[in-house]
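I opened a fresh page for this one and wanted to see how the chain is put together and where its charged side chains pair up. Here is what I looked up, in the order I went.

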Amino acid sequence: MRQSPDIEHGFIRLQNLHIAFRKYRFPASDLTSPADAPPRKLLCLHGAGVAGDYTYGYIAPFLKQWSEVLVPDLRGMGETVFLDECEHAFDVEDMVDDVEQLLSSQNWDEFDVIGYSLGGLVSMMLKQRLKDRVKQTCLVEPALLDNFSLDETRNFRRQYRTLAKGLKDGMGVRESVIAFLDLVSPNRSRQERSENIVIGRLSHRPLGFANALEAVSLAAERLDRDALIQDQENVISLVGGNSYEAMKLFHSHIASTRPDWRYLEVPGADHSLPFQKPKRLISLLNALPKI
């Protein structure tokens, strides 16, 4: 019988904030990799507005290839807080710095990574910075890879900045969150119970959410997206079947030009893919070959 993993709920202190994380440790008897194989480790990065545990708490316990799975809360979200207990603006580079320092604190050298939405962008930037230390990357509807046209991608993200400004200026939180959902998941079911759950999660730290949206929007204006894509290796990217056609076409195109990039469309899902299809995501992750 499969045992429950040991879960460490911890924090590390950086110069101006506490980074919260959960680390799952699995006994060797539960792993599918050979007993004499070097242990594999997986980093799980969430999207804007929703904490790591909300995103991966139903996924991480069922992963079978990694001896350790690390699930941090990115700055502005979850239990990661600034030391002065205020919300502050940040860049995506700050998030990459935070994650790199967390990895150092855990003595992780080589690892795989899964990144969802904003976490997908952070994952790609982490790969660009750490190079061969990142062995495999799973991207789930990653930010900035939603359209062939970089101009269209930037225009889309400018709407994030408008939403962020509304949240900071006192616009109703619920109305702002619904506007965000209408933007990223226009084809969602809008079933009342599930809609209220999503809205509640995204409303947990509205100013942190606003700062994350602003960070993505500003990154779209200045990052070299072509170089970012070029620097990736051993990628599987996932897009929901109910998401934008332009996103599916772009990911399909990248995969068609790269032998080390595999693209899969997940039927019945939209931008909320990790929450809608956790069993499918677990199955895909457990099937990833070792690199």
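**Notebook: charged pairs and overall build**

Arg-190 was my starting point, and it comes out as partly exposed, with a relative accessible area of 42%. A reminder to myself before going on: this is a predicted model.

**Entry 1: the partners of Arg-190.** I looked for an acidic partner and found Asp-182, which forms a salt bridge with Arg-190; the closest N and O atoms are 3.0 Å apart. Asp-182 is partly exposed too, at a relative accessible area of 32%. Which residues make up the network of salt bridges here? I noted Asp-182, Arg-188, Arg-190 and Glu-195 as the linked members. The general idea is familiar from the bench: side chains of opposite charge can pair when their charged atoms come close.

**Entry 2: the full count.** I then asked how many salt bridges a search of the whole structure finds. The search returns 26. I picked two further pairs to look at in detail.

**Entry 3: Arg-205 with Glu-87.** These two form a salt bridge, with 2.9 Å between the closest N and O atoms. Arg-205 sits in the loop between helix H6 (192-202) and helix H7 (206-222), while Glu-87 sits in the loop between strand S5 (81-82) and helix H2 (92-105), so the pair ties together parts that are 118 residues apart in sequence. Is Arg-205 buried or exposed? I read a relative accessible area of 13% for Arg-205, so it is buried, the cut-off being under 20%. Glu-87, at 28%, is partly exposed.

**Entry 4: Arg-161 with Glu-221.** Here the side chains meet in a salt bridge at 3.5 Å, N to O. Arg-161 belongs to helix H4 (residues 150-168) and Glu-221 to helix H7, so this pair ties together parts that are 60 residues apart in sequence. I checked the accessibility of each partner. Arg-161 counts as partly exposed at 28% relative accessibility, and Glu-221 is partly exposed at 29%.

**Entry 5: a stop at Asp-53.** I wanted one acidic residue to look at for its surroundings. Asp-53 is found in helix H1 (residues 52-56) and is partly exposed, with a relative accessible area of 32%. What does Asp-53 touch, leaving aside its neighbours within four places in sequence? My list reads Arg-22, Tyr-24, Val-71 and Asp-73. I also noted Pro-72, which is 19 residues from Asp-53 in sequence, with the two C-alpha atoms 8.1 Å apart in space.

**Entry 6: stepping back to the whole chain.** I counted elements next: the protein chain has 11 helices and 9 strands. Its C-alpha atoms fill a box of roughly 55 × 45 × 40 Å along the principal axes. For 291 residues, a compact globule would have a radius of gyration near 19 Å, and the chain's 18 Å agrees with that. Of those 291 residues, 54% count as buried.

I looked at contacts as well. Among contacts with a separation of 6 or more, 76% come from residues 24 or more positions apart.

**Entry 7: surface and charge.** The chain exposes about 12,800 Å², and carbon and sulfur atoms supply 51% of that area. To close, I tallied charge: there are 35 positive and 40 negative side chains, and the centres of the two sets lie 3 Å apart.

Key: Residues are numbered from 1 along each chain as its sequence is written. This is a predicted model: local features need pLDDT of at least 70, side-chain atom pairs count only at pLDDT 80 or more; totals for chains, interfaces and linings use all residues. Side-chain values use heavy atoms; hydrogens and water are left out. A salt bridge is a side-chain nitrogen of Lys or Arg within 4 Å of a carboxyl oxygen of Asp or Glu. Helices (H or I, at least four residues) and strands (E, at least two) are DSSP runs, numbered from the N terminus. Buried means under 20% relative accessible area, exposed over 50%, partly exposed in between (1.4 Å probe, protein chains only). The radius of gyration is taken over C-alpha atoms; the globule rule is 2.2 Å times the number of residues to the power 0.38. Contact means heavy atoms within 4.5 Å. Accessible areas come from the Shrake-Rupley method with a 1.4 Å probe; for residues, only the protein chains shown count as cover. Lys and Arg count as positive and Asp and Glu as negative; His and the chain ends are not counted. The place of a charge is taken as NZ of Lys, CZ of Arg, CG of Asp or CD of Glu.
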